[in-house]
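Please look over the sequence and the coordinates together before reading on. The paragraphs below are meant to be followed with the model open beside them.

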Amino acid sequence: MAENSNADQSRYWNEQAGPKWVAARDTLDALLRPIGDAAIARANVIHAEQILDVGCGNGRTTIELQRLCGADGAATGIDLSAPLLELARAEATRAGLARPPRFLQADAQEADLGSTPFDLVFSRFGVMFFADPVAAFGNLRRAMAATGRLVFVCWQRMDDNLWMRVPVEALRGVLELPPPGPATAPGPFAFAEPERLHGLLAAAGFASIAIESCTGPLSMGGATDLDAATGFALQVGPAASALRDAPETVRVAAFAQVRKALTPYLQGGSIALPGAWFLVTARAS
Ligand SMILES: C[S@@+](CC[C@H](N)C(=O)[O-])C[C@H]1O[C@@H](n2cnc3c(N)ncnc32)[C@H](O)[C@@H]1O
């Protein structure tokens, strides 16, 4: 496999994470929607724009972007994951828009993105998985209008995202965690270092790059009790990955440990833990 190929990510998002993200679509949306909505608001979508939603997943952001640009505009969601795109297409049909968004199963790093320039390239946590980020952002930029905007959100370090760190740390008592991989490897934390991210975007030709640090409490999938919050923590994200091949006895012990670790965060019938992400904006030129 070529060094800059996204074949591993394609396998991961089709075979492992994709089906889990489909099953957890509503709880994941409860976690991610406030962040995505703020990013969409920042994108200032106007009528009739051409929009690309990168790593669109279940398509909920693509549908919202289509709603905002109207029937004279067009939103396209691109993703590697067949199961998530199947869900996205079904959700788009259910949304019943006059003009439905389009969904494309392809690798944003190298896909031919067509000849109609995009006014906005958007992503909610879908751009951190590229094997070759400069090539990928370069491909996206070439598909944009000269005045086009790039707006995306990506995670800061796991240490600053207690909603992911607390469950993982709680697993230490029940299984040996693998040593952390390279900090910049494709994955949720690939852009956690803002200077590096700025350099990658500049190398891809983007201008007016701004990386804004955002923090806030994040709901554990909208859970209102500890069992549901623990189930969410073990379904997706780093703790789920750590437990992937674990036997049932370890899973049972893990559930108890994670539930205990989340207990201090149960307040007023909801469970929210600190999160940290970047809101990134740039111009194609
Ligand atoms: C963390 S999920 C976010 C999904 C969605 N944006 C959301 O907020 O629910 C990352 C998504 O990026 C997609 N993805 C990863 N690498 C990609 C690539 N090279 N090209 C297109 N999509 C990719 C995955 O398949 C997955 O659906």
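What follows is a walk through a helix, some charged pairs, a strand residue and two loop positions.

The structure is a predicted model, and a convenient place to enter it is helix α1, which covers residues 7–23. This helix has 17 residues and reaches 23 Å from its first C-alpha to its last, close to the 24 Å expected at 1.5 Å a residue. Its axis nevertheless carries a kink of about 55 degrees at Ala17, shortly before the proline Pro19. Ala17 also belongs to the buried residues of the helix, together with Gln9, Trp13, Gly18 and Val22. The buried residues of α1 pack against two other helices, namely α2, which spans 25–43, and α4.

The same helix holds a charged pair, in which the side chains of Asp8 and Arg11 form a salt bridge with an N to O distance of 2.7 Å. Both residues lie in α1, three residues apart, which is about one turn of the helix. Asp8 has a relative accessibility of 44%, and because buried residues fall under 20% and exposed ones over 50%, Asp8 counts as partly exposed. Arg11 is likewise classed as partly exposed, with a relative accessible area of 42%.

A second salt bridge is formed by the side chains of Glu91 and Arg60, with 2.8 Å from N to O. Glu91 lies in helix α4 (residues 82–95) whereas Arg60 lies in helix α3 (residues 60–69), so this pair ties together parts that are 31 residues apart in sequence. Glu91 has a relative accessibility of 12%, and it therefore counts as buried. Which residues are joined into one network by salt bridges that share partners? The network consists of Asp26, Asp29, Arg33, Arg60, Glu91, Arg94 and Arg124, and it thus takes in both Glu91 and Arg60.

A further pair is made by Arg172 and Glu169, whose side chains meet in a salt bridge at 3.1 Å, N to O. Glu169 is partly exposed, its relative accessible area being 38%. Counted over the model, the salt bridges come to 13.

From the charged pairs one can turn to Thr76, a residue of strand β2, which runs through residues 74–79. Is Thr76 buried or exposed? With a relative accessible area of 5%, Thr76 is buried. Leaving aside residues up to four places away in sequence, Thr76 touches Ile51, Leu52, Asp53, Thr62, Arg102 and Phe118. Strand β1 covers 50–54, and strand β4 covers 118–124.

Two loop positions deserve a look for their backbone angles. Most residues other than glycine have a negative phi. Ala48, although it is not a glycine, has a positive phi of about 75 degrees, and this alanine is placed in the loop between α2 and β1. Ala48 is partly exposed, with a relative accessible area of 33%. Phe125 also has a positive phi, here of about 60 degrees, and it too is not a glycine. The place of Phe125 is in the loop between β4 and α5, the latter spanning 133–142. In contrast to the partly exposed Ala48, Phe125 is buried, with a relative accessible area of 8%.

Definitions and conventions:
Residues are numbered from 1 along each chain as its sequence is written. This is a predicted model: local features need pLDDT of at least 70, side-chain atom pairs count only at pLDDT 80 or more; totals for chains, interfaces and linings use all residues. Side-chain values use heavy atoms; hydrogens and water are left out. A salt bridge is a side-chain nitrogen of Lys or Arg within 4 Å of a carboxyl oxygen of Asp or Glu. Helices (H or I, at least four residues) and strands (E, at least two) are DSSP runs, numbered from the N terminus. Buried means under 20% relative accessible area, exposed over 50%, partly exposed in between (1.4 Å probe, protein chains only). The expected span of a helix is 1.5 Å times one less than its number of residues. The bend at a residue is the angle between axes fitted to the seven residues ending there and the seven starting there. Contact means heavy atoms within 4.5 Å.
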